[in-house]
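Open the structure in your viewer and keep the selection box at hand. The tour goes stop by stop, with something to select at each one.

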Amino acid sequence: MKLLHYIPSLNSTDPSVIALLKTIVEQAKSNRVYVATLTATKLSNPLRGVVIYRLRKRENRYINLISLQSRYLQVLYSVMPDIVHVHGCWSYVGSKICHWSKNRNFDVVISPHGQLNQEVVNDKFWSKRLPAILLYQRKQIKRANALFSSTEKETKALKKLGWNRRIEMPVLTDEISIDDVSESERGSTAQTSLYQKVTDSTYYQKMHEHEKAAFCALLHTGLADEDETRLLDAQSILNLRNLSVPSWRRIFLLATDQDVLSLIETGITRMQLNAPNIDTDAIDRYGSKNDEGTTPLSSRQLFTSSKKSQKQLATISNKDFRAIYIMLENIKALIRSGRLRVRHLCDYYQLIRSVDIDEDALLKTMKSVENDRFMGRIHQIMNEMLYLEPGFMPVAAIDDRGTEKIRKKITQFLSL
């Protein structure tokens, strides 16, 4: 794992900095560790296995954010870390480091080191702390993937603030002794496990295009009829057979969160792939914000209480047309509430592939209830994600601005 620590100042006379560096050196024994800093005095002991980057070429009381951003992004993209670990609070530069990293889909964790304890926040609150909170500090903490606390007292203070609920305590003691190597080893090991937890919680942002394509291909295979002999093209099959273990891990995590693991496993069996055995339930990670989306997509009952939807439904007499309309309205409701999952699209996919209907009559009915364009947009999304063939589309696919809005929302739901 690659780790990039941001420490504002490396001061060899500060015991807390020395203790922190001792933990970082321990991390370097099993990880590739880098440190970015604004200033650094000559350290009494070299940091074995740790590469240090200075973000400023010369000392100056003023900080040029434009040149600093350029320098930091050079470091960020040369290192390409799995985790950016920002140390300390109340620093505008630290908040910008977090901002620049998060905007480029890098995971960020923050160690406040007691600087968000109540007595610190209260000190010069009106003149110093409140302006910083309003300008950047609260936003910085909220955007972090996790907060690393060093004491029980700090954990309680962070929970009381309520800015970020993902609070972990990797260091098990109130203070790391400089001479106590075992404590720094324990802190390093605990932090590394928490880094993995953060990484496993943000797997979708790290998925490559070929992994997303493999996920869609396996879904299509799992949903296909058993008598279908030609499921995928040669390129898709080659992609599936060349997946690495980390790629399979991300695919299984996505399948678990989207409630389609059984379909993925069916696809693996049909393609006779040698996939690794990964127990996603045993992987420690943060819960998805989309956990409420497990309700099956109903074809009998509307999720919404809209009088307009109820009135439109009453005008449809055909049983299959009613089922399709209800599912489409439920998909709309799930998109609005942010609870749509791939499982719901699969439910609709199975319905429209199984019913034998008069497509011209269905199109006329959907137009009468103003649902034909939304139906075409959903068919376009399903063509991209589930490989729905045009022959099974009662309404032709539509790719317009409305489709792009739905596509972006689905991508947001997948990355929650």
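A salt bridge here is a side-chain nitrogen of Lys or Arg within 4 Å of a carboxyl oxygen of Asp or Glu. The model is a predicted one.

**Stop 1: salt bridges around helices α7, α8 and α10**

Select Glu 211 and Arg 250. Their side chains form a salt bridge, with N to O at 2.9 Å. Glu 211 belongs to helix α8 (residues 209-223) and Arg 250 to helix α10, so the contact links distant parts of the chain, 39 residues apart. Is Glu 211 buried or exposed? Buried: its relative accessible area is 1%. Arg 250 has a relative accessible area of 18%. Buried means under 20%, so Arg 250 is classed as buried too.

Next, select Arg 249 and Asp 200. A salt bridge joins these two side chains, at 2.7 Å from N to O. The pair connects helix α10 (residues 245-257), which holds Arg 249, with helix α7, which holds Asp 200; the two residues are 49 apart and the parts of the chain are distant. Asp 200 is buried, at 6% relative accessible area. Arg 249 has 26% relative accessibility and counts as partly exposed.

Stay with helix α7 and add Lys 197 and Glu 168 to the selection. The side chains of Glu 168 and Lys 197 make a salt bridge of 2.9 Å, N to O. Lys 197 sits in helix α7 (residues 181-201) and Glu 168 in strand β7 (residues 167-168), so this salt bridge ties together parts 29 residues apart in sequence. Both Glu 168 and Lys 197 are buried.

How many salt bridges does a search of the whole structure find? The count is 19. For a network of them, select Glu 384, Asp 399, Glu 404 and Arg 407, which salt bridges link together.

**Stop 2: the sheet**

Strand β7 leads into the sheet. Show the strands as a cartoon and follow their order: β3-β2-β1-β4-β5-β6-β7, seven strands in an open sheet with parallel pairing. Which strands are at the edges? They are β3 (50-54) and β7, each of which pairs on one side only.

Start from the β7 edge. Strand β6 (residues 146-148) runs parallel to β7, and two bridges join them. To see a pair of partners, select Leu 147 and Ile 167, the latter being in β7.

Now move to strand β2 (residues 32-40). Of its nine residues, seven are buried, and the strand is mostly covered. On one side, β2 pairs with strand β1 (residues 2-10) in the parallel sense, over eight bridges. Select Leu 10 and its bridge partner in β2, Ala 40. Then turn to the pairing of β2 with β3: these strands run parallel and are joined by five bridges. Here, select Val 35 and Ile 52; Ile 52 is in β3 and stands opposite Val 35.

**Stop 3: from the sheet to helix α1**

Select Val 17, which is in helix α1 (residues 15-27). Its relative accessibility is 10%, so Val 17 counts as buried. Add Ile 7 and draw a C-alpha to C-alpha distance: 8.8 Å in space, for residues ten apart in sequence.

**Stop 4: two loop residues with positive phi**

Select Trp 90, in the loop between β4 (83-87) and α3 (92-102). Trp 90 is not a glycine, yet its phi is positive, at about 60°. With 14% relative accessibility, Trp 90 counts as buried.

Now select Gln 272, in the loop between α11 (261-271) and α12 (307-314). Its phi is also positive, about 55°, although Gln 272 is not a glycine. Is Gln 272 buried or exposed? Gln 272 counts as exposed, at 68% relative accessibility.

**Stop 5: a positive patch on the surface**

Switch to a surface view and select Arg 336, Arg 401, Lys 405 and Lys 409, which form a positive surface patch. Which helix gives the largest share of the patch? Helix α17 (residues 401-414) does, with three residues. One of the patch residues in helix α17 is Lys 409. Its relative accessibility is 37%, so Lys 409 counts as partly exposed.

Notes: Residues are numbered from 1 along each chain as its sequence is written. This is a predicted model: local features need pLDDT of at least 70, side-chain atom pairs count only at pLDDT 80 or more; totals for chains, interfaces and linings use all residues. Side-chain values use heavy atoms; hydrogens and water are left out. Patches are made of residues with over 30% relative accessible area and no salt bridge: like charges are joined within 9 Å, nonpolar side chains (Val, Leu, Ile, Met, Phe, Trp, Tyr) within 5 Å. Accessible areas come from the Shrake-Rupley method with a 1.4 Å probe; for residues, only the protein chains shown count as cover. Lys and Arg count as positive and Asp and Glu as negative; His and the chain ends are not counted. The place of a charge is taken as NZ of Lys, CZ of Arg, CG of Asp or CD of Glu. Helices (H or I, at least four residues) and strands (E, at least two) are DSSP runs, numbered from the N terminus. Buried means under 20% relative accessible area, exposed over 50%, partly exposed in between (1.4 Å probe, protein chains only). Two strands pair if DSSP finds at least two bridges between them.
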